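Please walk me through this protein structure, beginning with what is meant by its core and ending with a single residue and its surroundings.

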Amino acid sequence: INHCKVMNSVISGAREVNGDVDTWSASIGGIVGAVDAYSIFLANGCSVDDETIVDGANCVGGIVGGGNLRSTIQISNCKNAAAVSAAYAAVGGIVGSADTVFISACINSNSITGAIKYTGPDGVNPGISAGGIIGGAGLSLITACVNSGNVKGYDGVGGIIGSTRLGDGNETYYNTTNLRYCLNSGKISGN
């Protein structure tokens, strides 16, 4: 996808019923929701404006919501100015969560809010990973990216990457990530 623009939109996969999130929506993105297993997704020069809202329950991103296992995502020169939020886990300004991801020269300039609740509806999916550029990262290379938006979440909260952790308390694994020439100027807060 080259030079795609999303303007003045509401992209939502969650709804509230009596003050609680009622749906278990996954992979909500400003441009693309999910990248399927064994797929390769490329985006260059795409943008989502500040009049857009992107929200869901899990794997929510300003550009891409989530990449399934064994998928590869490559994003360059993209900008997200939309407020992005996830009720449970994996929220990021550019990508919510991905297995293998390469992000270069991307900018997030709005707030990222994740993990309103620690435990998801499945009872075991923890509210982790809120990041200015990517919430949950597998094998990743993040180069020359900038986050100026505030990032707030429960656990695994960062200006560029929220978390590289996989698994629950019984079996936990960590992925390999390489960050180069990135900058965060947003306020970071976690529980």
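A nonpolar core is a set of buried Ala, Val, Leu, Ile, Met, Phe, Trp, Tyr and Cys residues that are joined through side-chain atoms within 4.5 Å. In this predicted model, the largest such core has 37 residues, and the members that touch the most others are Val64, Ile75, Ile103 and Ile134. At least two residues of this core come from each of several strands, among them β6 (32-35), β7 (40-44), β13 (83-92) and β18, while β14 gives the most, with four residues. In soluble globular proteins, nonpolar side chains tend to be buried together.

The setting for this core is a protein with 27 strands and zero helices, in which 47% of the 191 residues are buried. Of the contacts between residues at least 6 apart in sequence, 79% join residues at least 24 apart. The accessible surface comes to about 8800 Å², and carbon and sulfur atoms account for 49% of that area.

Isoleucine 134 shows what such contacts look like around one core member: leaving aside residues up to four places away in sequence, isoleucine 134 touches residues including Val91, Val95, Val101, Ile103, Ile142, Ile160 and Ile161, as well as Gly92, Gly96 and Gly162.

Strand β18 (residues 134-143) also holds threonine 143, which counts as buried because its relative accessibility is 14%, under the 20% cut-off. With residues up to four places away in sequence again not counted, threonine 143 touches Ile103, Ser104, Ala105, Arg180, Tyr181 and Cys182. The side chains of threonine 143 and arginine 180 are joined by a polar contact of 3.4 Å.

Definitions and conventions
Residues are numbered from 1 along each chain as its sequence is written. This is a predicted model: local features need pLDDT of at least 70, side-chain atom pairs count only at pLDDT 80 or more; totals for chains, interfaces and linings use all residues. Side-chain values use heavy atoms; hydrogens and water are left out. Buried means under 20% relative accessible area, exposed over 50%, partly exposed in between (1.4 Å probe, protein chains only). Contact means heavy atoms within 4.5 Å. Accessible areas come from the Shrake-Rupley method with a 1.4 Å probe; for residues, only the protein chains shown count as cover. A polar contact is a pair of N or O atoms within 3.5 Å; within protein, one must be able to donate a hydrogen and the other to accept it, and residues adjacent in sequence count only if both atoms are side-chain atoms.
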